[in-house]
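Hi,

Here is the structure I said I would pass on. Have a look at it first, and then read on for my notes on its aromatic residues.

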Amino acid sequence: MGDKKLRSDIVNLRVVAILAVIFGHSTTIYWYNWTDYRTTQEAPVFAHVGNLAMLVLGLWMLISGFCVGFTLRGKKRFKDFFIKRFSRLVIPYWLVALIWMIPIRLLIEYPGYEGQSFLYILWKNIFLGYDNGQLWYLPTLFFYSLIAWFINFCLKKFKWADIFAFAISVMMLIFYTKYTWHGASLMRSPTLSPFFLYFSFFMLGFILFNHEATIRKYIRPFAVWCG
């Protein structure tokens, strides 16, 4: 996280998030709304676990926003930050897609690749992100990080730049929810959809880092009063 001191609270949150993801993915065989593969297994309770995905992924994005705040705490040039995030997020995205995901899907005759050439699969499903599985998280976090760098730069002149960005992210989430519920195709874009959906969680984590001291200052009296 760009800091030698390990934050036990962040580590604990990561453990919770990891366990939640493992549990969620272990129940996919019961998800009746998973259109890529039809399941014959029935377990009504587990069938709805997928509906909690937004909260779990929201927690991941919140942690990521907080950690990016750690990374940006020192004075970092955009070029250095870009190269570091690109090597940690974009390169693994392509390596896993090329070496693991695509070959495995071709081997098991994945229905989504039927009738498509290898180059078309790369262009549409990986570069444009129409069907990149769980790898969507990596490029989304990469773009979030670049925005965070810009916001961090603006904080030098505008104290509440991150709060303003968070307000915009909430409006993006509302916009996404409104148009998705009405079946509009705009927000079903594989690139725009996760970007709009989870940006508010990322920004919340980024804000918690930037204003942690102030937040603790106001929470401490309340905690003492409750205790």
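Below is what I found when I went through the aromatic rings and their neighbours.

One thing to keep in mind: this is a predicted model.

There are 19 aromatic pairs in the structure. Take Trp136 and Tyr198 to begin with: their ring centres are 5.5 Å apart and the planes meet at 20°, so this pair is stacked, given that planes under 30 degrees apart count that way. The two residues come from distant parts of the chain, 62 residues apart. Trp136 is in the loop between α5 (118-127) and α6 (137-154), while Tyr198 belongs to helix α8 (residues 192-210). Both are buried: Trp136 has 14% relative accessibility, and Tyr198 has 6%.

Helix α8 also holds Phe199 and Phe202, three residues apart, which is about one turn of the helix. Their ring centres are 6.5 Å apart with the planes at 15°, so they are stacked too. Phe199 is buried at 5% relative accessible area, and Phe202 is buried at 0%.

Then there is a cluster to look for. Phe78, Phe82, Phe86, Phe142, Phe143, Trp149 and Phe153 together make up one aromatic cluster.

Finally, a couple of charges sit over rings. Arg105 has its charged end over the ring of Tyr110, 4.3 Å from the centre of that ring. Lys124 is placed over the face of Tyr130, and here the distance to the ring centre is 5.5 Å.

Cheers

Key. Residues are numbered from 1 along each chain as its sequence is written. This is a predicted model: local features need pLDDT of at least 70, side-chain atom pairs count only at pLDDT 80 or more; totals for chains, interfaces and linings use all residues. Side-chain values use heavy atoms; hydrogens and water are left out. Rings of Phe, Tyr and Trp (its six-membered ring) pair if their centres lie within 6.5 Å; planes under 30 degrees apart count as stacked, over 60 as edge-to-face and the rest as tilted. Helices (H or I, at least four residues) and strands (E, at least two) are DSSP runs, numbered from the N terminus. Buried means under 20% relative accessible area, exposed over 50%, partly exposed in between (1.4 Å probe, protein chains only). A charge sits over a ring if NZ of Lys or CZ of Arg is within 6 Å of the ring centre and within 35 degrees of the ring normal.
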